Number of protein chains: 2
Amino acid sequence: MNSHTVKAFDNDIGRLRGLISQMGGLAEDAIARAMQALARSDLDLAEQVRADDKRIDALEAEVERLAVQIIALRAPMAVDLREVVAALKIAGLVERIGDYAKNIAKRVPMIESEHRIEPISILPAMGRMAGDMVRAVLDAFAARDFAAAMRVVESDTALDDFYDSIFRTLVTYMVENPRTISQVAHLLFVAKNLERIGDHATNVAEMVYFAATGTQMADRDRGGEQEQ
Amino acid sequence: MNSHTVKAFDNDIGRLRGLISQMGGLAEDAIARAMQALARSDLDLAEQVRADDKRIDALEAEVERLAVQIIALRAPMAVDLREVVAALKIAGLVERIGDYAKNIAKRVPMIESEHRIEPISILPAMGRMAGDMVRAVLDAFAARDFAAAMRVVESDTALDDFYDSIFRTLVTYMVENPRTISQVAHLLFVAKNLERIGDHATNVAEMVYFAATGTQMADRDRGGEQEQ
(Lines give C-alpha, C1' and ligand atoms only; values in the text may rest on other atoms or scores of the structure.)
Protein backbone atom coordinates (compact mmCIF):
# COMPACT_ATOMS: atom_id res chain seq x y z
CA MET A 1 0.00 0.00 0.00
CA ASN A 2 1.22 3.54 -0.65
CA SER A 3 0.90 6.19 2.06
CA HIS A 4 -2.40 7.46 0.64
CA THR A 5 -3.89 3.96 0.74
CA VAL A 6 -2.54 3.39 4.25
CA LYS A 7 -4.19 6.59 5.46
CA ALA A 8 -7.49 5.66 3.77
CA PHE A 9 -7.32 2.21 5.38
CA ASP A 10 -6.64 3.72 8.80
CA ASN A 11 -9.64 6.00 8.35
CA ASP A 12 -11.82 3.04 7.44
CA ILE A 13 -10.64 1.08 10.45
CA GLY A 14 -11.25 4.09 12.66
CA ARG A 15 -14.84 4.29 11.43
CA LEU A 16 -15.33 0.55 11.94
CA ARG A 17 -14.06 0.77 15.51
CA GLY A 18 -16.18 3.83 16.21
CA LEU A 19 -19.33 2.02 15.09
CA ILE A 20 -18.52 -0.95 17.33
CA SER A 21 -17.94 1.29 20.34
CA GLN A 22 -21.34 2.85 19.69
CA MET A 23 -22.94 -0.59 19.50
CA GLY A 24 -21.23 -1.59 22.75
CA GLY A 25 -22.51 1.49 24.56
CA LEU A 26 -26.05 0.77 23.42
CA ALA A 27 -25.80 -2.91 24.41
CA GLU A 28 -24.46 -2.11 27.86
CA ASP A 29 -27.24 0.41 28.30
CA ALA A 30 -29.84 -2.11 27.12
CA ILE A 31 -28.73 -4.63 29.77
CA ALA A 32 -28.95 -2.02 32.56
CA ARG A 33 -32.37 -0.79 31.43
CA ALA A 34 -33.77 -4.30 30.92
CA MET A 35 -32.77 -5.24 34.46
CA GLN A 36 -34.26 -2.01 35.78
CA ALA A 37 -37.51 -2.71 33.92
CA LEU A 38 -37.54 -6.20 35.43
CA ALA A 39 -36.84 -5.04 38.98
CA ARG A 40 -39.55 -2.34 38.82
CA SER A 41 -42.03 -4.17 36.58
CA ASP A 42 -41.74 -1.16 34.30
CA LEU A 43 -43.54 -2.23 31.12
CA ASP A 44 -42.90 1.06 29.30
CA LEU A 45 -39.17 0.85 29.87
CA ALA A 46 -39.20 -2.81 28.78
CA GLU A 47 -40.97 -1.84 25.57
CA GLN A 48 -38.42 0.90 24.96
CA VAL A 49 -35.51 -1.54 25.35
CA ARG A 50 -37.16 -3.80 22.76
CA ALA A 51 -37.65 -0.92 20.34
CA ASP A 52 -34.12 0.46 20.81
CA ASP A 53 -32.59 -2.88 19.84
CA LYS A 54 -33.24 -1.93 16.21
CA ARG A 55 -30.54 0.74 16.52
CA ILE A 56 -27.97 -1.91 17.47
CA ASP A 57 -29.09 -4.07 14.53
CA ALA A 58 -28.76 -1.11 12.15
CA LEU A 59 -25.24 -0.38 13.39
CA GLU A 60 -24.26 -4.02 12.88
CA ALA A 61 -25.52 -3.85 9.29
CA GLU A 62 -23.39 -0.73 8.80
CA VAL A 63 -20.29 -2.46 10.20
CA GLU A 64 -20.90 -5.37 7.85
CA ARG A 65 -21.26 -3.16 4.77
CA LEU A 66 -18.16 -1.20 5.68
CA ALA A 67 -16.06 -4.29 6.45
CA VAL A 68 -16.98 -5.97 3.14
CA GLN A 69 -16.22 -2.72 1.31
CA ILE A 70 -12.80 -2.46 2.97
CA ILE A 71 -11.92 -6.06 2.10
CA ALA A 72 -13.09 -5.69 -1.52
CA LEU A 73 -11.55 -2.24 -2.18
CA ARG A 74 -8.32 -2.46 -0.22
CA ALA A 75 -7.66 -6.20 -0.20
CA PRO A 76 -5.83 -5.84 3.15
CA MET A 77 -3.24 -8.44 4.10
CA ALA A 78 -2.25 -10.21 7.33
CA VAL A 79 -2.60 -7.94 10.38
CA ASP A 80 -4.95 -5.53 8.62
CA LEU A 81 -7.23 -8.26 7.33
CA ARG A 82 -7.24 -9.81 10.79
CA GLU A 83 -8.40 -6.52 12.26
CA VAL A 84 -11.27 -6.16 9.78
CA VAL A 85 -12.44 -9.75 10.26
CA ALA A 86 -12.21 -9.38 14.05
CA ALA A 87 -14.30 -6.18 13.88
CA LEU A 88 -16.92 -7.96 11.79
CA LYS A 89 -17.18 -10.80 14.29
CA ILE A 90 -17.18 -8.53 17.32
CA ALA A 91 -20.07 -6.55 15.83
CA GLY A 92 -21.99 -9.82 15.42
CA LEU A 93 -21.35 -10.76 19.05
CA VAL A 94 -22.38 -7.34 20.39
CA GLU A 95 -25.55 -7.53 18.31
CA ARG A 96 -26.34 -10.83 20.03
CA ILE A 97 -25.64 -9.30 23.45
CA GLY A 98 -28.24 -6.68 22.53
CA ASP A 99 -30.65 -9.48 21.63
CA TYR A 100 -30.23 -11.08 25.04
CA ALA A 101 -31.03 -7.75 26.72
CA LYS A 102 -34.08 -7.46 24.47
CA ASN A 103 -35.11 -10.99 25.43
CA ILE A 104 -34.93 -10.05 29.10
CA ALA A 105 -37.11 -7.01 28.40
CA LYS A 106 -39.63 -9.27 26.65
CA ARG A 107 -39.98 -11.35 29.82
CA VAL A 108 -41.02 -8.38 31.96
CA PRO A 109 -44.75 -8.49 31.06
CA MET A 110 -44.79 -12.28 31.60
CA ILE A 111 -43.35 -12.00 35.09
CA GLU A 112 -45.49 -9.14 36.34
CA SER A 113 -48.20 -10.08 38.86
CA GLU A 114 -49.93 -8.81 41.98
CA HIS A 115 -47.76 -10.98 44.15
CA ARG A 116 -44.22 -9.82 43.68
CA ILE A 117 -41.96 -12.85 43.64
CA GLU A 118 -39.01 -12.57 45.96
CA PRO A 119 -36.11 -14.07 43.99
CA ILE A 120 -36.40 -11.26 41.46
CA SER A 121 -34.27 -9.28 43.90
CA ILE A 122 -31.12 -11.36 43.30
CA LEU A 123 -31.08 -10.86 39.53
CA PRO A 124 -29.99 -7.20 39.34
CA ALA A 125 -26.61 -8.07 40.90
CA MET A 126 -26.06 -10.68 38.20
CA GLY A 127 -27.16 -8.13 35.61
CA ARG A 128 -24.55 -5.66 36.86
CA MET A 129 -21.85 -8.33 36.70
CA ALA A 130 -22.76 -9.15 33.08
CA GLY A 131 -22.96 -5.44 32.17
CA ASP A 132 -19.53 -4.84 33.73
CA MET A 133 -18.06 -7.61 31.59
CA VAL A 134 -19.50 -6.01 28.47
CA ARG A 135 -18.10 -2.60 29.39
CA ALA A 136 -14.69 -4.06 30.30
CA VAL A 137 -14.36 -5.99 27.05
CA LEU A 138 -15.32 -2.97 24.94
CA ASP A 139 -12.77 -0.87 26.81
CA ALA A 140 -10.20 -3.59 26.09
CA PHE A 141 -11.24 -3.48 22.43
CA ALA A 142 -10.96 0.34 22.25
CA ALA A 143 -7.52 0.26 23.89
CA ARG A 144 -6.37 -2.88 21.97
CA ASP A 145 -5.44 -4.16 25.43
CA PHE A 146 -5.18 -7.94 25.21
CA ALA A 147 -4.23 -8.34 28.90
CA ALA A 148 -7.49 -6.61 29.87
CA ALA A 149 -9.31 -8.92 27.43
CA MET A 150 -7.81 -11.94 29.22
CA ARG A 151 -9.11 -10.63 32.55
CA VAL A 152 -12.62 -10.51 31.09
CA VAL A 153 -12.33 -14.16 30.11
CA GLU A 154 -11.26 -15.03 33.64
CA SER A 155 -14.16 -13.10 35.18
CA ASP A 156 -16.65 -15.24 33.27
CA THR A 157 -16.13 -18.03 35.81
CA ALA A 158 -17.59 -15.83 38.55
CA LEU A 159 -20.63 -15.10 36.40
CA ASP A 160 -21.09 -18.82 35.70
CA ASP A 161 -20.91 -19.56 39.43
CA PHE A 162 -23.47 -16.82 40.06
CA TYR A 163 -25.75 -18.39 37.47
CA ASP A 164 -25.44 -21.86 39.07
CA SER A 165 -26.29 -20.40 42.45
CA ILE A 166 -29.31 -18.51 41.08
CA PHE A 167 -30.49 -21.62 39.24
CA ARG A 168 -30.49 -23.55 42.53
CA THR A 169 -32.17 -20.70 44.40
CA LEU A 170 -34.92 -20.42 41.81
CA VAL A 171 -35.56 -24.18 41.78
CA THR A 172 -35.78 -24.23 45.58
CA TYR A 173 -38.17 -21.29 45.50
CA MET A 174 -40.37 -23.09 42.96
CA VAL A 175 -40.48 -26.21 45.12
CA GLU A 176 -41.60 -24.12 48.12
CA ASN A 177 -43.96 -21.84 46.18
CA PRO A 178 -45.59 -23.92 43.46
CA ARG A 179 -48.03 -21.12 42.66
CA THR A 180 -45.16 -19.00 41.35
CA ILE A 181 -43.59 -21.67 39.13
CA SER A 182 -44.68 -20.13 35.85
CA GLN A 183 -43.21 -16.71 36.73
CA VAL A 184 -40.04 -18.14 38.22
CA ALA A 185 -39.54 -20.23 35.07
CA HIS A 186 -39.27 -16.92 33.19
CA LEU A 187 -36.66 -15.77 35.70
CA LEU A 188 -34.65 -18.92 34.93
CA PHE A 189 -34.51 -17.75 31.32
CA VAL A 190 -33.52 -14.23 32.40
CA ALA A 191 -30.62 -15.66 34.43
CA LYS A 192 -29.65 -17.84 31.46
CA ASN A 193 -29.70 -14.79 29.16
CA LEU A 194 -27.32 -12.97 31.52
CA GLU A 195 -25.05 -16.00 31.62
CA ARG A 196 -25.02 -16.06 27.81
CA ILE A 197 -24.15 -12.34 27.74
CA GLY A 198 -21.06 -13.27 29.76
CA ASP A 199 -20.20 -16.00 27.22
CA HIS A 200 -20.48 -13.52 24.38
CA ALA A 201 -18.37 -10.91 26.21
CA THR A 202 -15.83 -13.73 26.59
CA ASN A 203 -15.98 -14.42 22.86
CA VAL A 204 -15.44 -10.72 22.16
CA ALA A 205 -12.42 -10.83 24.49
CA GLU A 206 -11.04 -13.77 22.50
CA MET A 207 -11.42 -11.78 19.26
CA VAL A 208 -9.69 -8.75 20.85
CA TYR A 209 -6.85 -11.07 21.86
CA PHE A 210 -6.72 -12.61 18.40
CA ALA A 211 -6.71 -9.22 16.63
CA ALA A 212 -3.91 -7.98 18.92
CA THR A 213 -1.69 -11.07 18.95
CA GLY A 214 -2.57 -13.09 15.86
CA THR A 215 -2.99 -16.21 17.98
CA GLN A 216 -6.03 -17.81 19.59
CA MET A 217 -6.34 -17.89 23.35
CA ALA A 218 -5.79 -21.42 24.61
CA ASP A 219 -8.79 -23.62 23.88
CA ARG A 220 -10.89 -23.76 26.99
CA ASP A 221 -14.15 -25.54 27.76
CA ARG A 222 -16.09 -22.81 29.50
CA GLY A 223 -18.30 -23.29 32.52
CA GLY A 224 -21.24 -21.40 31.10
CA GLU A 225 -21.15 -23.23 27.81
CA GLN A 226 -20.99 -26.44 29.82
CA GLU A 227 -24.18 -25.69 31.59
CA GLN A 228 -26.42 -24.46 28.77
CA MET B 1 -14.61 -10.20 -15.03
CA ASN B 2 -13.22 -12.15 -17.96
CA SER B 3 -14.39 -15.69 -18.60
CA HIS B 4 -11.46 -17.17 -16.68
CA THR B 5 -12.27 -15.05 -13.63
CA VAL B 6 -15.95 -15.90 -13.94
CA LYS B 7 -15.15 -19.60 -13.95
CA ALA B 8 -12.81 -19.25 -10.97
CA PHE B 9 -15.51 -17.34 -9.10
CA ASP B 10 -18.10 -20.00 -9.90
CA ASN B 11 -15.72 -22.65 -8.59
CA ASP B 12 -15.20 -20.68 -5.37
CA ILE B 13 -18.93 -20.26 -4.88
CA GLY B 14 -19.43 -23.95 -5.53
CA ARG B 15 -16.92 -24.82 -2.81
CA LEU B 16 -18.54 -22.36 -0.42
CA ARG B 17 -21.96 -23.86 -1.01
CA GLY B 18 -20.61 -27.39 -0.66
CA LEU B 19 -19.10 -26.58 2.74
CA ILE B 20 -22.40 -25.10 3.94
CA SER B 21 -24.35 -28.17 2.81
CA GLN B 22 -21.90 -30.30 4.77
CA MET B 23 -22.39 -28.13 7.85
CA GLY B 24 -26.16 -28.37 7.46
CA GLY B 25 -26.06 -32.15 7.26
CA LEU B 26 -23.99 -32.33 10.43
CA ALA B 27 -26.26 -29.88 12.26
CA GLU B 28 -29.41 -31.76 11.29
CA ASP B 29 -27.77 -34.97 12.43
CA ALA B 30 -26.69 -33.37 15.72
CA ILE B 31 -30.28 -32.36 16.50
CA ALA B 32 -31.59 -35.89 15.83
CA ARG B 33 -28.84 -37.53 17.89
CA ALA B 34 -29.16 -35.06 20.79
CA MET B 35 -32.88 -35.76 21.00
CA GLN B 36 -32.23 -39.51 20.83
CA ALA B 37 -29.66 -39.20 23.62
CA LEU B 38 -32.21 -37.29 25.69
CA ALA B 39 -35.05 -39.72 25.08
CA ARG B 40 -32.88 -42.74 25.98
CA SER B 41 -30.68 -41.09 28.63
CA ASP B 42 -27.76 -42.17 26.48
CA LEU B 43 -24.76 -40.37 28.01
CA ASP B 44 -22.26 -41.75 25.48
CA LEU B 45 -24.29 -40.52 22.54
CA ALA B 46 -24.70 -37.13 24.25
CA GLU B 47 -20.94 -36.90 24.72
CA GLN B 48 -20.41 -37.77 21.06
CA VAL B 49 -22.78 -35.00 19.92
CA ARG B 50 -20.78 -32.53 22.02
CA ALA B 51 -17.48 -33.71 20.57
CA ASP B 52 -18.74 -33.73 16.97
CA ASP B 53 -19.76 -30.08 17.22
CA LYS B 54 -16.09 -29.19 16.68
CA ARG B 55 -16.41 -30.42 13.09
CA ILE B 56 -19.19 -27.91 12.43
CA ASP B 57 -17.08 -25.15 13.98
CA ALA B 58 -14.11 -26.10 11.80
CA LEU B 59 -16.25 -26.01 8.65
CA GLU B 60 -17.54 -22.57 9.60
CA ALA B 61 -13.97 -21.33 9.99
CA GLU B 62 -13.22 -22.71 6.53
CA VAL B 63 -16.26 -20.94 5.03
CA GLU B 64 -15.11 -17.71 6.63
CA ARG B 65 -11.56 -17.99 5.30
CA LEU B 66 -12.80 -18.84 1.82
CA ALA B 67 -15.41 -16.04 1.77
CA VAL B 68 -12.90 -13.40 2.86
CA GLN B 69 -10.44 -14.70 0.25
CA ILE B 70 -13.07 -14.49 -2.50
CA ILE B 71 -14.01 -10.93 -1.55
CA ALA B 72 -10.37 -9.82 -1.35
CA LEU B 73 -9.13 -11.59 -4.51
CA ARG B 74 -12.10 -11.22 -6.82
CA ALA B 75 -13.78 -8.07 -5.43
CA PRO B 76 -17.17 -9.38 -6.60
CA MET B 77 -19.93 -6.87 -7.30
CA ALA B 78 -23.70 -6.80 -6.72
CA VAL B 79 -25.31 -10.25 -7.07
CA ASP B 80 -22.02 -12.10 -6.61
CA LEU B 81 -21.05 -10.16 -3.51
CA ARG B 82 -24.54 -10.71 -2.14
CA GLU B 83 -24.12 -14.45 -2.60
CA VAL B 84 -20.78 -14.54 -0.77
CA VAL B 85 -22.05 -12.43 2.13
CA ALA B 86 -25.21 -14.56 2.38
CA ALA B 87 -23.07 -17.72 2.48
CA LEU B 88 -20.94 -16.25 5.25
CA LYS B 89 -23.99 -15.40 7.34
CA ILE B 90 -25.72 -18.72 6.67
CA ALA B 91 -22.60 -20.56 7.86
CA GLY B 92 -22.72 -18.52 11.09
CA LEU B 93 -26.37 -19.41 11.61
CA VAL B 94 -25.84 -23.13 10.97
CA GLU B 95 -22.93 -23.09 13.41
CA ARG B 96 -25.28 -21.70 16.05
CA ILE B 97 -27.87 -24.37 15.24
CA GLY B 98 -25.12 -26.90 15.93
CA ASP B 99 -24.46 -25.15 19.26
CA TYR B 100 -28.10 -25.50 20.27
CA ALA B 101 -27.96 -29.23 19.54
CA LYS B 102 -24.77 -29.43 21.60
CA ASN B 103 -26.49 -27.56 24.44
CA ILE B 104 -29.31 -30.10 24.39
CA ALA B 105 -26.74 -32.90 24.57
CA LYS B 106 -25.11 -31.19 27.57
CA ARG B 107 -28.42 -31.32 29.45
CA VAL B 108 -28.72 -35.11 29.15
CA PRO B 109 -26.57 -35.92 32.22
CA MET B 110 -28.41 -33.27 34.28
CA ILE B 111 -31.81 -34.75 33.51
CA GLU B 112 -30.97 -38.38 34.08
CA SER B 113 -32.39 -39.93 37.26
CA GLU B 114 -33.88 -43.15 38.61
CA HIS B 115 -37.36 -41.77 38.21
CA ARG B 116 -37.92 -41.14 34.58
CA ILE B 117 -39.87 -37.93 34.20
CA GLU B 118 -42.87 -38.24 31.95
CA PRO B 119 -42.89 -35.00 29.95
CA ILE B 120 -39.61 -35.99 28.32
CA SER B 121 -41.76 -38.00 25.91
CA ILE B 122 -43.24 -34.92 24.22
CA LEU B 123 -39.90 -33.37 23.31
CA PRO B 124 -38.82 -35.70 20.46
CA ALA B 125 -41.77 -34.57 18.31
CA MET B 126 -40.67 -30.96 18.74
CA GLY B 127 -37.11 -32.03 17.93
CA ARG B 128 -38.28 -33.62 14.68
CA MET B 129 -40.17 -30.48 13.74
CA ALA B 130 -37.07 -28.34 14.34
CA GLY B 131 -34.85 -30.81 12.44
CA ASP B 132 -37.28 -30.81 9.51
CA MET B 133 -37.07 -27.02 9.32
CA VAL B 134 -33.28 -27.21 9.20
CA ARG B 135 -33.35 -29.81 6.43
CA ALA B 136 -35.98 -27.88 4.46
CA VAL B 137 -34.08 -24.61 4.62
CA LEU B 138 -30.82 -26.22 3.53
CA ASP B 139 -32.62 -27.87 0.62
CA ALA B 140 -34.00 -24.43 -0.27
CA PHE B 141 -30.46 -23.04 -0.08
CA ALA B 142 -29.02 -25.82 -2.27
CA ALA B 143 -31.79 -25.33 -4.88
CA ARG B 144 -31.75 -21.48 -4.57
CA ASP B 145 -35.51 -21.91 -4.11
CA PHE B 146 -36.82 -18.77 -2.43
CA ALA B 147 -40.44 -19.97 -2.42
CA ALA B 148 -39.36 -23.01 -0.38
CA ALA B 149 -37.46 -20.66 1.92
CA MET B 150 -40.66 -18.67 2.50
CA ARG B 151 -42.49 -21.85 3.47
CA VAL B 152 -39.83 -22.51 6.13
CA VAL B 153 -40.47 -19.05 7.58
CA GLU B 154 -44.18 -19.79 7.71
CA SER B 155 -43.64 -23.14 9.43
CA ASP B 156 -41.86 -21.43 12.31
CA THR B 157 -45.22 -20.36 13.72
CA ALA B 158 -46.16 -24.00 14.28
CA LEU B 159 -42.88 -24.60 16.13
CA ASP B 160 -43.49 -21.54 18.30
CA ASP B 161 -46.99 -22.79 19.14
CA PHE B 162 -45.50 -26.19 20.00
CA TYR B 163 -43.01 -24.49 22.30
CA ASP B 164 -45.76 -22.51 24.07
CA SER B 165 -47.75 -25.66 24.59
CA ILE B 166 -44.73 -27.55 25.96
CA PHE B 167 -43.86 -24.64 28.25
CA ARG B 168 -47.35 -24.80 29.78
CA THR B 169 -47.23 -28.60 30.05
CA LEU B 170 -43.86 -28.52 31.80
CA VAL B 171 -44.97 -25.82 34.25
CA THR B 172 -48.11 -27.79 35.10
CA TYR B 173 -46.02 -30.92 35.60
CA MET B 174 -43.70 -29.04 37.96
CA VAL B 175 -46.64 -27.77 39.99
CA GLU B 176 -47.96 -31.32 40.36
CA ASN B 177 -44.55 -32.98 40.88
CA PRO B 178 -42.41 -30.57 42.86
CA ARG B 179 -39.73 -33.24 43.38
CA THR B 180 -38.96 -33.17 39.64
CA ILE B 181 -38.68 -29.38 39.31
CA SER B 182 -34.92 -29.30 38.89
CA GLN B 183 -34.96 -31.86 36.06
CA VAL B 184 -37.98 -30.35 34.36
CA ALA B 185 -36.29 -26.93 34.47
CA HIS B 186 -33.60 -28.45 32.24
CA LEU B 187 -36.31 -29.66 29.87
CA LEU B 188 -37.59 -26.08 29.66
CA PHE B 189 -34.18 -25.10 28.34
CA VAL B 190 -34.18 -28.01 25.89
CA ALA B 191 -37.54 -26.86 24.50
CA LYS B 192 -36.22 -23.30 24.30
CA ASN B 193 -33.13 -24.51 22.41
CA LEU B 194 -35.39 -26.24 19.86
CA GLU B 195 -37.48 -23.11 19.51
CA ARG B 196 -34.29 -21.12 18.87
CA ILE B 197 -33.20 -23.65 16.24
CA GLY B 198 -36.45 -22.81 14.44
CA ASP B 199 -35.64 -19.08 14.68
CA HIS B 200 -32.22 -19.67 13.18
CA ALA B 201 -33.61 -21.84 10.38
CA THR B 202 -35.97 -18.91 9.73
CA ASN B 203 -33.02 -16.52 9.59
CA VAL B 204 -31.28 -18.84 7.12
CA ALA B 205 -34.46 -18.82 5.03
CA GLU B 206 -34.39 -15.03 5.02
CA MET B 207 -30.78 -15.06 3.79
CA VAL B 208 -31.68 -17.57 1.04
CA TYR B 209 -34.49 -15.26 0.01
CA PHE B 210 -32.20 -12.23 0.11
CA ALA B 211 -29.46 -13.95 -1.92
CA ALA B 212 -32.00 -15.04 -4.53
CA THR B 213 -34.02 -11.84 -4.85
CA GLY B 214 -31.82 -9.02 -3.57
CA THR B 215 -34.61 -7.83 -1.27
CA GLN B 216 -35.37 -8.54 2.37
CA MET B 217 -38.45 -10.52 3.30
CA ALA B 218 -41.02 -8.19 4.87
CA ASP B 219 -40.03 -7.25 8.40
CA ARG B 220 -41.92 -9.47 10.75
CA ASP B 221 -41.89 -9.68 14.54
CA ARG B 222 -41.62 -13.40 15.05
CA GLY B 223 -43.48 -15.38 17.67
CA GLY B 224 -40.45 -17.22 18.96
CA GLU B 225 -38.39 -14.09 19.27
CA GLN B 226 -41.31 -12.55 21.11
CA GLU B 227 -41.31 -15.21 23.71
CA GLN B 228 -37.62 -15.57 24.56
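Which residue of chain B comes closest to the rotation axis? Ala72(B) does, with its C-alpha at 2.5 Å. The legends below describe a predicted model, in which local features need pLDDT of at least 70 and side-chain atom pairs count only at pLDDT 80 or more, while totals for chains, interfaces and linings use all residues. Residues are numbered from 1 along each chain as its sequence is written, chains are lettered from A and ligands numbered from 1 in the order in which they are written, and side-chain values use heavy atoms, leaving out hydrogens and water.

**View 1. The relation of the two copies.** A turn of 180 degrees with a shift of 0.0 Å along the axis lays chain B on chain A with an RMSD of 0.0 Å (least-squares superposition on the C-alpha atoms of residues with pLDDT of at least 70 in both). The copies are therefore related as by a two-fold rotation axis. Both use the same surface, since 100% of the contact residues of chain B recur in chain A (contact: heavy atoms within 4.5 Å).

**View 2. Helix 6 of chain A against helix 6 of chain B.** These helices (residues 181-213 in each chain) pack at an angle of about 60 degrees, their axes 11 Å apart. Helices are DSSP runs of H or I with at least four residues, numbered from the N terminus; axes are lines fitted to C-alpha atoms over the stretch in contact, and angles run from 0 to 180 degrees between N-to-C directions. The angle makes the pair oblique (under 35 degrees is roughly parallel, over 145 roughly antiparallel, 65 to 115 roughly perpendicular, the rest oblique). Ile181(A), Ala185(A), Leu188(A), Phe189(A) and Lys192(A) meet Ile181(B), Ala185(B), Leu188(B), Phe189(B) and Lys192(B). The contact residues divide into eight nonpolar, no polar and two charged (nonpolar: Ala, Val, Leu, Ile, Met, Phe, Trp, Tyr, Cys and Pro; charged: Asp, Glu, Lys and Arg; polar: the others, Gly among them).

**View 3. Helix 5 and helix 6 within chain A.** Helix 5 (residues 146-176) packs with helix 6 at about 170 degrees, with axes 9 Å apart. The two are thus roughly antiparallel. Their contact comprises 24 nonpolar, three polar and six charged residues.

**View 4. Helix 3 and helix 6 within chain A.** Helix 3 (residues 78-111) lies at about 170 degrees to helix 6, with an axis separation of 9 Å. This pair is therefore roughly antiparallel. Here the contact residues are 21 nonpolar, seven polar and five charged.
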